[in-house]
Structures are given as C-alpha cells and as structure tokens.
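Please take a moment to look over the chain and its fold. The paragraphs after the display explain selected parts in turn.

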Amino acid sequence: MTVPLITHAKEVIPGGVNSAIRVSPGSDRFVITGSSGPYVSTDTGRTILDFQSAYGATVLGHNDPDVDRAVAETARRLDNPGYGVTDAEVTLADMIIDRVASIEKVLLVNTGSEATYLAIRVARSVTGRPKILKFEGAYHGWHDSVLVNTGTPASRLGTTYLPSTGVLPGAVADTLVATWNDLDDVEAQLARHEGQVAAILVDPILSSAGGILPQPGFLEGLRRIATAHGALLVFDELITGFRVAVGGYQSLVGVDPDLTTFGKAIGNGYPIAGIGGTAAVMDEFSNVPGGTVYMGGTYNGHPAMAAAAIAVLEKMDREPVHAQLDRLGARLRAGLQELYTSHGIDATVTGIGSVWFPFLLEGEVHDYRDSLRHDRDLLVRIRSGLLEDHDILVTPVNWKSGKLNYSHTEVHVDRLLAATDAVLTEVSR
Ligand SMILES: Cc1ncc(COP(=O)(O)O)c(C=O)c1O
C-alpha cells in the first residue's frame, strides 16, 4: 500500500510544510491540490471554504481569472531576463507611486521579509544608527532583528524573548521593543537611546496579535516622535497595504511614513513585495550610482509577478473591491459579535475592512498584554470545529485573523456565521 501523500510530505519536508506558520490542527490530514475563488480542495476529496486567504495574500480570491491571465500572457512573452529592467516593472512602479501618497520611488522584491530587512538596512545607513524599535508581539518576517519579542508568552513579558534559536545576539541587542498604543513608552525609549535609533517599525494594526487597531493619534504620534528624534518611520503594510484601502492604512489616517513595506495583497498570492518611500531615502540604494545600500535578488520584479500586481491594481480601479470587502467585513464582525454574545461567551470582535479577529475575553484590547488574556484554547477549538465539521478554514492558530477576499459573497459570510453558531452550541455544551 502506498502511503498517503501527506505522510510522505513529512518524510521529505521538515514537518511536512514549507512555513512554520502553516502547521496547524488539521493541516496534517490532507494535501491541498486545487484552489478556485473562495475554495481550496484536497487530495482527500474535500472542498474547503477558505477564510484565511493565504494570510492576506489572495485579496481577490484564489485563481482570480484576470490575474492568472495577466501572469500567463506575460510569462509567454517574457520570462526573467535578469538584466536591466522590464516594461512590467516600470508600469507597476508608476501604479504604486500613483496610489500610495508617501511613495516617491519603489523597489520590488519577492517577500515581505526581504522588504522589512531592506527597510532596516537603508534606515541604518541613512541615519548612521544601529538600533530599531518595534512593538511587543509584532511580526515583520523571519529575519534576526525583527523576530525579537514576536509571540512573547506571558511569562516572558518585559524580557527579551526569541521564538527561534540561531539568532545573532547583536541583532537582538539592537532591537528595542515598545508597548503598542503607548506613545510615552516609545518616547521614553527613543530618549533613553538618543541618537541610536534608526527606525520605528510599525504594522499599523499589530496583525500578528490578532489585529489590535491603533488608538486615535497613535500613528500620528509615532510620526512626530520619529521626526523629533531623527529616526525614520517605517510602516510595514504587509497585511494592510492594498487590502484595507488601495493607498494602505496610511491613507486612512493621513500619516506619511518615510518608508513603506508591502506585499501579499498586491500579488493576489503571487510572490511579489516591495519597499517604497521618499526619493531621498530610496536613492541611497546602490542601484543608484553613488548609493551605498546593497540590495540584490535574482527574481526581484519578475515580470510575471509584476503583471499579477498590475492586474490586481487594475481590478481594484475597475471594480468595487474595497467597498465589497468593507461591507462583508462589517456584516461578518457584527454577526460574530452577536453570536458570541448570544452564546454567553465574552468576546470582542475586532478588525478593519476585510480583516477580523475575535478576542475571547472580557473588556477591550489595547495592547499585546491584553491579547494574552484571551482564551486561545477556545479559539482553536472553535476553528477546529469549523474545519472538521463544516469544511470552513479560518486557521485554528491563535492570533491569526481571518481575511475575506473579493470572491466571498453574503452567502459565504452567512455560511460561516451559521457554522460558527453550530460550533458555539457544541463547545458551550
Ligand atoms: C506585518 C508583516 N510583515 C512582514 C511579513 C513577512 O512577509 P513574508 O511572509 O512575505 O516574508 C508578514 C507576514 O505575515 C507580516 O504579516
């Protein structure tokens, strides 16, 4: 008898998956073999309604026909010459600059981790300073400087915590960690390390802790503090960019960061990401004669990936993508809040636009410490119930927010609500 493919996967791939974030309850039961619109299908014959949307990447839905067509047509015409620049890259750069107010020049890479890595490198170069400041619980990719205090357990709050071994101690020492929504803490840390901090790195909605929105004035305050202390402000819009609005979260609050990192939604699942910012900072990259900040990458700006991004942005221009995402997101958040209340479970359903997360706790959530009070075991049980009994995927991992995409309709949202109702009845027995 041949072993199931999922069993074999573990023999040839560590843990059977290609990203630590993909290990979750139920993920070791099948191999995914197809995707279309709001669904993924498995080698075991299941069709699963997907509300994970590839951790935010598939903003239009799986295999969006316009995006796939653009990729196929470009790939047939042009692969990856790896010399000079291609027409698709220039077109895309123009489109990004037109849409994101703070971006005057843009560089393309493949992943968000590369983008945040380069943002830090260029910030260090421009300021001549070694340190960065990030927020407790924030994820900005897998590289050394930013892994510090990501997913900090309660017992380690207030100390330096690393979710990985093998990280350079120097990178850890140069990463400061501040409390989300606490401008006094940020101000105090910059003052304590005066002249040492190159950049404040911020995901505007602290996505990796479920998604904790900034309090009014918080991002504006970061802008003021960064400027006052001569540090760059970097918005890591990997989740929010092109998803909460075509101009990113920065367009909602009217704050111009010095640098923006983006990826995920702009490629609708294809690997493309980037870093953009003021011309003065971006011209420090050594692509420009005299620039000193090295960046490379065989696949940067791959024409077929750039074509995917162009098709995404064109569709956002043509169709009411964000209006639909916002409408369905509001319906879903309100529906979930009502369900938790009616089942007598303390919950605050948070989020913005197409992004949502139910904090299962009493009261409000302002910072990472608050998010640790939430009942993560119950969340995993609820989401495992959705997957096992209802073929609905909202990854059963704590703090992972759900993401709607443009292929979702009222019918899908209502199916999730009805299934949640059934699961909550089951778990509160
Ligand atoms: C806010 C944020 N920054 C950076 C990253 C890293 O992006 P990538 O997984 O493309 O390297 C992520 C990924 O989830 C993210 O959510």
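The explanation begins with the nonpolar interior and then turns to two loop residues.

The structure is a predicted model. Its largest nonpolar core holds 96 residues, and within this core Leu92, Ile96 and Phe135 touch the most other members. Helix 11, residues 303–318, supplies the largest share, with 11 residues. Where does this core lie with respect to the domains? Residues of the core come from both domain 1 (5–63 + 320–427) and domain 2 (65–318), and therefore the core lies between the two.

Phe135 deserves a separate look. Leaving aside residues up to four places away in sequence, its contacts include the aromatic residues Trp180 and Phe218, and also Val177, Ala178, Ile200 and Leu222. Asn149 and Thr179 are likewise among the residues that Phe135 touches. Apart from the largest core lies another one, made up of 23 residues, including Leu107, Leu118, Val146 and Leu201.

Attention now passes to the backbone. Ala54 is not a glycine, yet it has a positive phi of about 50°. This residue sits in the loop that runs between strand 3 (47–50) and helix 2 (65–77). Is Ala54 buried or partly exposed? Because its relative accessibility is 40%, Ala54 counts as partly exposed.

Asn268 also has a positive phi, of about 45°, although it is not a glycine. Its place is the loop between strand 9 (259–262) and strand 10 (273–277). With a relative accessibility of 5%, Asn268 counts as buried, since buried means under 20%.

Note on methods: Residues are numbered from 1 along each chain as its sequence is written. This is a predicted model: local features need pLDDT of at least 70, side-chain atom pairs count only at pLDDT 80 or more; totals for chains, interfaces and linings use all residues. Side-chain values use heavy atoms; hydrogens and water are left out. Helices (H or I, at least four residues) and strands (E, at least two) are DSSP runs, numbered from the N terminus. Buried means under 20% relative accessible area, exposed over 50%, partly exposed in between (1.4 Å probe, protein chains only). A nonpolar core is a set of buried Ala, Val, Leu, Ile, Met, Phe, Trp, Tyr and Cys residues joined through side-chain atoms within 4.5 Å. Domain bounds come from an automatic or database domain assignment. Contact means heavy atoms within 4.5 Å.
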